[in-house]
Amino acid sequence: MSEEIGAPRSPSSAAGGQVPFLHEGLCARDSVPAKCKCLAALSPPVLDNSQLQSRASLDSVIGEGCRIQVSVILPVHNTECWLDECLKSVVEQDFEDTMELSVFNDASKDNSVNIIEKWKLKLEDVGIRVVIGGHDSPQPQGVGFAKNQAVMQSSGTYLCFLDSDDVMMPQRVRLQHEAAIQHPNSIIGCQVRREPLDSTERYTRWINNLKPGQLLTQVFTSHGPTVIMPTWFCSREWFCHVGKFDEGGKGIPEDLLFFYEHIRKGGGVFRVDQCLLQYRYHPQAATHSVLEGTIWNHRVRFLEDRALKHWASFTIWNAGKQGRKLYRSLSPANQKKVAAFCDVDENKIAKGFYTYQESKDLTGGAFEENLTTLDLKEGLDYHHFN
């Protein structure tokens with residue numbers, strides 16, 4: 001089910017109205033953030049003597065004063081069944097500049113710690129510095145906390161985020177590093193291959209096929225960030241300008257909240273149009289702990305803040321359940337701005353109640369054809385919400 005927010009001039013609209021326009025610079029790149037200070041308030045991770053000695057030893061090999069270019073940021077919690085494949089993909093990167101792996105173990109109770117230690121030697125043998133932090137508390141502190149700690153203990157100029165159940169293609173770091181140099185205030189993503197191949201097919205198509213402009217215009221949709229978190233790559237300086245991940249723990253969409261703040265601060269979004277990550281789907285993934293209602297509420301507030309507050313009136317292009325839900329979720333002030341509910345199904349309009357489905361899989365392309373005839377511009381005259 002899906003709905004659009006847009007100008008009330010659809011041929012199927014239940015009522016007319018003047019066309020509101022919104023023009024925003026979501027991708028401003030005319031300023032450079034100050035030096036990174038945002039993580040100074042975090043408690044520094046504690047490294048034991050053996051870790052400190054190993055790090056010092058590798059420093060002498062790399063060369064004193066030679067700054068690490070890329071830190072791979074890897075939070076880990078009970079992922080022993082995938083960790084070998086993940087760490088092997090770090091070793092196999094074809095990036096020729098300096099690189100380190102920053103691992104933070106968030107209270108794993110399985111064999112993850114031993115697997116990390118085994119791969120530490122292999123990584124250092126090929127010149128990749130390894131920094132390991134973590135804690136063994138009874139309960140994990142959450143993905144946001146683990147990522148922040150991994151960033152805090154790392155030293156790279158650029159940050160390459162990786163989930164411990166995913167696998168990088170050998171060229172990932174090299175190609176995203178090249179893109180990040182060209183787009184310093186952007187989050188860099190990439191196309192992915194889903195594993196298993198037949199899981200979340202519609203979502204995977206959306207991830208891989210968004211046009212460059214849609215990486216910014218479709219930030220309000222239910223799919224979440226237009227480049228998915230396990231593909232993120234950015235400069236440390238820009239990460240610190242945006243701020244750390246929310247550390248609320250289980251049930252918090254820390255990647256979505258960071259992405260929204262990134263957009264609010266004028267950040268851009270760029271995707272390397274090559275498949276650089278095997279993106280694994282499984283029931284234990286942390287994303288399943290986030291309630292749909294929690295994400296919905298964050299999305300509505302972001303839509304109101306970024307778009308609706310600029311419009312004098314607008315239509316909801318969905319005359320069914322989802323359209324009514326969106327209307328009820330709006331603030332009273334924005335409810336008063338709704339000029340009409342629209343739909344490609346004339347029967348729904350005729351019944352006098354206020355569903356368009358976004359995908360051609362669900363409408364046979366009727367909505368898209370209708371939209372094309374109106375000569376409207378996405379991100380200016382309308383926004384996809386669901």
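Which side chain does a polar contact of 2.9 Å join to that of asparagine 334? The legends below take this predicted model one close-up at a time, starting with that residue.

**View 1. Asparagine 334 and its surroundings in helix H12.** The partner is glutamate 304: its side chain and that of asparagine 334 are joined by a polar contact of 2.9 Å. Asparagine 334 belongs to H12, which covers residues 332-335. Its relative accessibility is 6%, and because buried means under 20%, asparagine 334 counts as buried. Setting aside neighbours within four places in sequence, you will find asparagine 334 in contact with Leu308 and Phe314 as well as Glu304.

**View 2. Helices H9 and H10, packed side by side with their axes 11 Å apart.** Here H9 (residues 254-264) meets H10 (residues 292-306) at an angle of about 5°. Angles under 35 degrees count as roughly parallel, so that is how H9 and H10 are described. On the H9 side, look for Leu256, Leu257, Tyr260, Ile263 and Arg264. Across from them, H10 contributes Ile295, His298, Arg299, Phe302, Asp305 and Arg306.

**View 3. Strand E5 between its pairing partners E2 and E8.** Strand E2 (residues 70-76) runs parallel to E5, and four bridges join the two. With strand E8 (residues 233-235), E5 pairs in the antiparallel sense, over three bridges. Cysteine 160 is a handy residue to follow here: valine 72 has it as its bridge partner in E5, and phenylalanine 233 in E8 stands opposite it.

**View 4. The two covered faces of strand E5.** This view stays with E5, residues 158-161. Tyr158 and Cys160 lie on one side of the strand, with Leu159 and Phe161 on the other, and all four are buried.

**View 5. The largest nonpolar core, and a second one apart from it.** The largest nonpolar core has 82 residues, and within it Phe161, Trp232 and Phe239 touch the most other members. A second core is separate and has seven residues, among them Cys342, Leu371, Leu374 and Leu376.

**View 6. Helix H4, a mostly covered helix.** H4 spans residues 143-153, and nine of its eleven residues are buried. Starting at one end, the buried residues include Gly144, Phe145, Ala146 and Lys147. Further along, Asn148, Gln149, Ala150, Val151 and Gln153 are buried too.

Note on methods. Residues are numbered from 1 along each chain as its sequence is written. This is a predicted model: local features need pLDDT of at least 70, side-chain atom pairs count only at pLDDT 80 or more; totals for chains, interfaces and linings use all residues. Side-chain values use heavy atoms; hydrogens and water are left out. Buried means under 20% relative accessible area, exposed over 50%, partly exposed in between (1.4 Å probe, protein chains only). A nonpolar core is a set of buried Ala, Val, Leu, Ile, Met, Phe, Trp, Tyr and Cys residues joined through side-chain atoms within 4.5 Å. A polar contact is a pair of N or O atoms within 3.5 Å; within protein, one must be able to donate a hydrogen and the other to accept it, and residues adjacent in sequence count only if both atoms are side-chain atoms. Contact means heavy atoms within 4.5 Å. Two strands pair if DSSP finds at least two bridges between them. Axes are lines fitted to C-alpha atoms, for helices over the stretch in contact, and angles run from 0 to 180 degrees between N-to-C directions. Angles under 35 degrees count as roughly parallel, over 145 as roughly antiparallel, 65 to 115 as roughly perpendicular and the rest as oblique.
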